[in-house]
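Visitor: I'm new to this one. Could you walk me through it and tell me how each label is earned?

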Amino acid sequence: MNLPTADLDEKSKAELVQFVENEQRRANFQSTVHQYTDTCWDKCIMKVKPALEKSDEGWLKKFGIENDAEGLAH
């Protein structure tokens, strides 16, 4: 990893490297969640309609989104 760290002491360099690595992990995780969400939505939500069907609500509940299911239906 090439960061412009010439003016930083060793502790600051280590903190900066750790911060960047954490941000990269966070970005990778968010990307994975986004990919899973797209896949699950395409497979679980059968079609876009003005209200959720019981089968759609079941899928949302299965993935822990039950609190949002009513909001999506309105």
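Guide: Happy to. Glutamate 10 and lysine 13 sit three residues apart in helix α1 (residues 10-44), so about one helical turn separates them. Keep in mind that this is a predicted model.

Visitor: What makes the contact of glutamate 10 and lysine 13 a salt bridge?

Guide: The label asks for a side-chain nitrogen of Lys or Arg within 4 Å of a carboxyl oxygen of Asp or Glu. For glutamate 10 and lysine 13 the N to O distance is 3.5 Å, so the pair meets the definition.

Visitor: Why is glutamate 10 called exposed, and lysine 13 partly exposed?

Guide: Exposed means over 50% relative accessible area, and partly exposed lies between that and the 20% cut-off for buried. Glutamate 10 has 58%, so it counts as exposed. Lysine 13 has 23%, so partly exposed is the right label.

Visitor: How do you know that glutamate 15 and lysine 11 form a salt bridge?

Guide: Their side chains come to 3.9 Å, N to O, and the limit is 4 Å, so the pair counts. Glutamate 15 and lysine 11 are four residues apart in helix α1, which again makes about one helical turn. Lysine 11 is exposed at 61%, whereas glutamate 15 is partly exposed at 47%.

Visitor: Which residue does arginine 26 pair with in a salt bridge?

Guide: Arginine 26 pairs with glutamate 23, and their closest N and O atoms are 3.4 Å apart. Both lie in helix α1, three residues apart. Arginine 26 has a relative accessible area of 46% and glutamate 23 has 31%, so each is partly exposed.

Visitor: Why does that spacing keep coming up?

Guide: An α-helix has 3.6 residues a turn, so residues three or four places apart point the same way.

Visitor: How many salt bridges does the structure hold?

Guide: Three.

Visitor: Why are the buried residues of helix α2 said to be on the same side?

Guide: The buried residues of α2 (residues 54-62) are Asp56, Glu57 and Leu60. They cover an arc of only 100° around the axis, so they share one side of α2. Lys54 and Lys62 are exposed on the other side.

Visitor: And what does the whole protein look like?

Guide: It has three helices and zero strands, running α-α-α from the N terminus. Buried residues make up 11% of its 74 residues. The protein exposes about 6,300 Å², with carbon and sulfur atoms supplying 54% of that.

Key:
Residues are numbered from 1 along each chain as its sequence is written. This is a predicted model: local features need pLDDT of at least 70, side-chain atom pairs count only at pLDDT 80 or more; totals for chains, interfaces and linings use all residues. Side-chain values use heavy atoms; hydrogens and water are left out. Helices (H or I, at least four residues) and strands (E, at least two) are DSSP runs, numbered from the N terminus. Buried means under 20% relative accessible area, exposed over 50%, partly exposed in between (1.4 Å probe, protein chains only). Accessible areas come from the Shrake-Rupley method with a 1.4 Å probe; for residues, only the protein chains shown count as cover. The arc is that of the directions from the helix axis to the C-beta atoms.
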